[in-house]
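Here is a short report on one structure. It begins with a helix and what covers it, then turns to the ligand and the core.

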Amino acid sequence: MSERLLHVAAAPFEAACHIPILPEGHRSRRLHGHSFRARVRADLPSDWAPFPGAATGRLTEALKECIDALDYRNLNEILPVPTDENLARWVRARLTAPGIESVGIQSTHDQGADLDGADHVHLWHRFRFEAAHCLPNVPADHPCGRLHGHGFEVILHADQTLADEDMGMDFDRLAALWAPLQTELHYACLNDIAGLENPTSERLSHWIWQRLKPELPVLSWVTVYETATAGCHYDGTHYRIWKEQRFESALRLVAAPDGDPRRRLHGHSYLLRLHLTAPLDTVLGWTVDYGDVKRIFNPVYQLLDHHRLDALPGLDAADPGSLTRWIRARIADDLPQLDRIDLHETPGCGATLCWGELGPALPT
Ligand SMILES: Nc1nc2c(c(=O)[nH]1)N=C([C@H](O)[C@H](O)COP(=O)(O)OP(=O)(O)OP(=O)(O)O)CN2
């Protein structure tokens, strides 16, 4: 599959709203408020930014300018039915950026809607449960063979065609479908549950899919976060895992004009997410060990962390797009299952380099 470079940006806004189309008695019919977050993913022409390396910054500024009109407002004065879906439409119509692939609105930490250009909505809802597990088939010295536990997180994703509807399914419907699984999984040892005798993230995402897909035909992905830095998506066919790492680095954007602060030496706390697609190892119950991804990537990580990025050999500019390409060139041979790299220089703002399926976006 050919390589695609997408730029991403995210920005918060605080607003009040009520959703008058919801049934009588629904809590969201009452006036309430959210710390919203808007996000955009765009395939930008290379000459759109004012100088090479400025695309992430320009997209972020465009998004901030757009949502400024929503910040500290009563959204019903701007949009009669301010569902996440309609807010995403509103932003998409006003955002002055080319090549927009999707616009998302996250109304709470745990739910949101991403809208693509064809008014197809991707709804997601996150849940959390606390559980113990061990992986019985790993080698004797592997730490995950010992009984341990996690605050697992699960995201249910639903894809719907919206046409001219104000909203897709109510997030509460996803919560109601999840509730029986929460009862089974929360404060449990996963190995004791039928079908989860080898409870890797992959097996767990498959188990959840099998349980929910018959009741929820629009279920498109199940995401399991095993830890804050690693997890798995399953769509009924493919397993996609990711492993995140953070690095702290300095840079200057040499192409920035005189007077632009990015020309000065500065720095970021970067978030790097490596995505891999691979078949399941039926004995181990996983695709690729998260620990192996981290270990194999470590030599490249050591070049990035606590270094000056624009001094790295072979890197002309240290903007997120150039960095993702530089990282791919250094790691792809050693991690052949790798098919996407996300790199954020500030929360939700950066680039995605993808040469496989794009897969679902994760919340910021
Ligand atoms: N593909 C999979 N790999 C691993 C799984 C899994 O389910 N699928 N599970 C484990 C362990 O259970 C482990 O608890 C989580 O792994 P890891 O990300 O390596 O955890 P760390 O706490 O070491 O994470 P760092 O943030 O990198 O310190 C292992 N692999």
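The buried residues of α4 are covered by elements that include β7 (148–161), α3 (171–185), β9, β10 (230–234) and β11 (239–251). Contact here means C-beta atoms, placed from the backbone, within 7 Å. Helices (H or I, at least four residues) and strands (E, at least two) are DSSP runs, numbered from the N terminus. The model is predicted: local features need pLDDT of at least 70, side-chain atom pairs count only at pLDDT 80 or more, and totals for chains, interfaces and linings use all residues. Residues are numbered from 1 along each chain as its sequence is written.

Which residues of α4 are buried? They are Ser201, Glu202, Arg203, Leu204, Ser205, His206, Trp207 and Ile208. Buried means 20 or more other C-beta atoms within 10 Å of a residue's own, with C-beta atoms placed from the backbone.

Now the ligand. Its shell holds 17 residues, and Cys144, Thr200, Ala230, Trp286 and Tyr290 come nearest. A residue counts as near if its C-beta atom, placed from the backbone, lies within 6 Å. Three elements each supply at least two shell residues:

| Element | Residues |
|---|---|
| α4 | 201–212 |
| β9 | 219–227 |
| α5 | 290–304 |

The most comes from α5, with three residues.

Last, the core. The largest nonpolar core (buried Ala, Val, Leu, Ile, Met, Phe, Trp, Tyr and Cys residues joined through C-beta atoms within 7 Å) has 90 residues. Ala38, Val40, Leu59, Leu63, Val91 and Leu156 touch the most other members. Strand β1 (residues 4–17) gives this core its largest share, eight residues. Leu59 touches His7, Ala9, Val40, Ala42, Leu44 and Ala97, not counting residues up to four places away in sequence.

Conventions: Buried ≥ 20, exposed ≤ 12 C-beta atoms within 10 Å, placed from the backbone. Contact = placed C-beta atoms within 7 Å.
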